[in-house]
Amino acid sequence: KLLAEKIEQDPLRRIVSFGPRYFPEANVINLGKNDLRKLRDYILERGEPLLDTELLADVFYYNTRQSDYEGMRFSINYRLHREKDFEFVGVEGANLWSTKGLPVVGGKRVKAAEMGQITSYLVEGYDDSLAMQSVEAIVESGSVTRLLTFFEWEYGVLPLDAGLAALLPRPVLPDQRSAVLRFESPQHYTQALVEVRYPTGNRGGWLQGLEEFFHAHLVPGAPITIARTDEPNVFSISYDEAGETEERILTYDEKKNKFAFANVTFFAAVDTDQLPSQSRYGRLNRLKAFPMGERRKAEMILEHVAETLGEQVGTPAAPRYAISMDDLLMGYTVLRPGSRAFLEALLANNDDFEADEGTPGLYYYAPARSVEDEEDEDVEDEDEPIADVQPIRRRYGGRYTEDDE
């Protein structure tokens, strides 16, 4: 570290660096405009970010036996990092380069600015992903297992929580925004490019690019395992297979911009409590598919879920809804990522929510009434009896079940 600081303080810049590597500036091979154009054209032709070793071999016809191979390799990385048309998206041991004009990994359904704000709970102290699997266990096993939520399944996105961060490579460069990895499926002999967007400041990180794989083989509520391979930029993704199952589960029609239940056949093992089925969560299709920009408003989403999925135990004039934490979390993660710890913090800081003292995990939500509501209140509704809350307590206490139609 001290040596690196001394090198950086050298006004003559006799030693230059790229990541953890240093090289005499006088020996750095220059790349002209024609060289840069060839590199950019070749990356565009291949249609995905490429390794520096591929660029050396395919564009400049360099092989590892040449005496100046490592010098040329350093030069390519050093020069491309200084060019605005190129972006480093590699990891330690695998220097990948992207360029302007390449297709966006994972498509454009979710914008980076929106996802950064939506996943900000991860950097605000509400990341509880290590509750079931410690960093030490993840590092030792080289894998992490997690359940898919509806939002993650629908958009092919995974929040970069502490569990995944313990497994995946860290940024190589101080200004590196993202890395592109390759996820291979040993069960289906397929692969997908996955972009890791690193957290910055008060914005969280996430992975994107798994939408096609999720929709082809999985359903929400399925556990997935991501594991390292021998290659630093290649990971495997797998799941437990099961017999053929057909279930009416929640789906999203993007053209109509609405949720609906549909018959889905799948062969993956699932946690039935986390499967958004019509028999278990019959009101999920009533959720509003807010624009992604609106879903950044965590408190608004929480209140909408409580009002939509909760049992009405008040009156039309003074509505009051009862809902369990499990149902809140299920509905919330249909619309956006979140953690139980994050929802508990939202509930504790929202005066419109009240915990049931007799039933752990049960909450009541009474929407704040506006002045207009009070002025327009129908006098006849004041005499309407309040619904019996005992069935609600029994249901969420686990001693009563009721199918939602």
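This note sets out numbered points on the fold, core, sheet, aromatic pairs and backbone of a predicted model.

1. Overall make-up. The protein chain contains 14 helices and 18 strands. Of its 405 residues, 46% are buried. Among contacts between residues at least 6 apart in sequence, 64% join residues at least 24 apart. The chain exposes about 21200 Å², and carbon and sulfur atoms supply 47% of that area.

2. The largest nonpolar core. This core has 75 residues, and F214 and L218 touch the most other members. Helix α11, residues 325-335, gives the most to the core, with seven residues. The surroundings of L218 can be listed by name: leaving aside neighbours within four places in sequence, L218 is in contact with L148, W153, F213, I224, Y239 and A268.

3. A second core. Separate from the core just described is another of 27 residues, which includes F60, Y69, F88 and L173.

4. The four-stranded sheet. One open sheet is built from four strands in the order β15-β16-β18-β17, and its pairing is antiparallel. Its edge strands are β15 (311-312) and β17 (353-355), each of which pairs on one side only. Strand β17 is joined by three bridges to β18, residues 362-365, and the two run antiparallel. Within this part of the sheet, A355 stands opposite Y363 in β18.

5. Helices on the sheet. Helix α10 (residues 298-309) packs on the sheet and touches β15, β16 (321-324), β17 and β18. The direction of α10 makes about 105 degrees with that of β16. Helix α11 also packs on the sheet, where it touches β16 and β18, and its direction makes about 85 degrees with that of β16. Helix α11 is thus of interest on two counts, since it also gives the most residues to the largest nonpolar core.

6. Aromatic pairs. The structure holds 16 aromatic pairs. One of them is formed by Y126 and F342, a tilted pair with 5.6 Å centre to centre and 45 degrees between the planes. This pair links distant parts of the chain, as the two residues are 216 residues apart. Y126 is in the loop between α5 (112-118) and α6 (135-141), whereas F342 is in helix α12, residues 340-348. Y126 counts as partly exposed because its relative accessibility is 27%, while F342, at 7%, counts as buried. Ring pairs also link Y126 and F342 with Y121 and Y332 into a cluster.

7. A further tilted pair. The ring centres of Y252 and F259 are 5.3 Å apart and the planes are at 45 degrees, so this pair is tilted. Both partners are buried: Y252 has a relative accessibility of 14%, and F259 has a relative accessible area of 3%.

8. Positive phi angles. Most residues other than glycine have a negative phi. Y189 has a positive value, near 55 degrees. Y189 is placed in the loop between β8 (178-185) and β9 (190-197), and it counts as exposed because its relative accessibility is 77%. N257 likewise has a positive phi near 55 degrees. The loop that holds N257 runs between β13 (241-253) and β14 (258-268). With a relative accessible area of 40%, N257 is partly exposed.

Definitions and conventions:
Residues are numbered from 1 along each chain as its sequence is written. This is a predicted model: local features need pLDDT of at least 70, side-chain atom pairs count only at pLDDT 80 or more; totals for chains, interfaces and linings use all residues. Side-chain values use heavy atoms; hydrogens and water are left out. A nonpolar core is a set of buried Ala, Val, Leu, Ile, Met, Phe, Trp, Tyr and Cys residues joined through side-chain atoms within 4.5 Å. Buried means under 20% relative accessible area, exposed over 50%, partly exposed in between (1.4 Å probe, protein chains only). Contact means heavy atoms within 4.5 Å. Accessible areas come from the Shrake-Rupley method with a 1.4 Å probe; for residues, only the protein chains shown count as cover. Two strands pair if DSSP finds at least two bridges between them. Axes are lines fitted to C-alpha atoms, for helices over the stretch in contact, and angles run from 0 to 180 degrees between N-to-C directions. Rings of Phe, Tyr and Trp (its six-membered ring) pair if their centres lie within 6.5 Å; planes under 30 degrees apart count as stacked, over 60 as edge-to-face and the rest as tilted.
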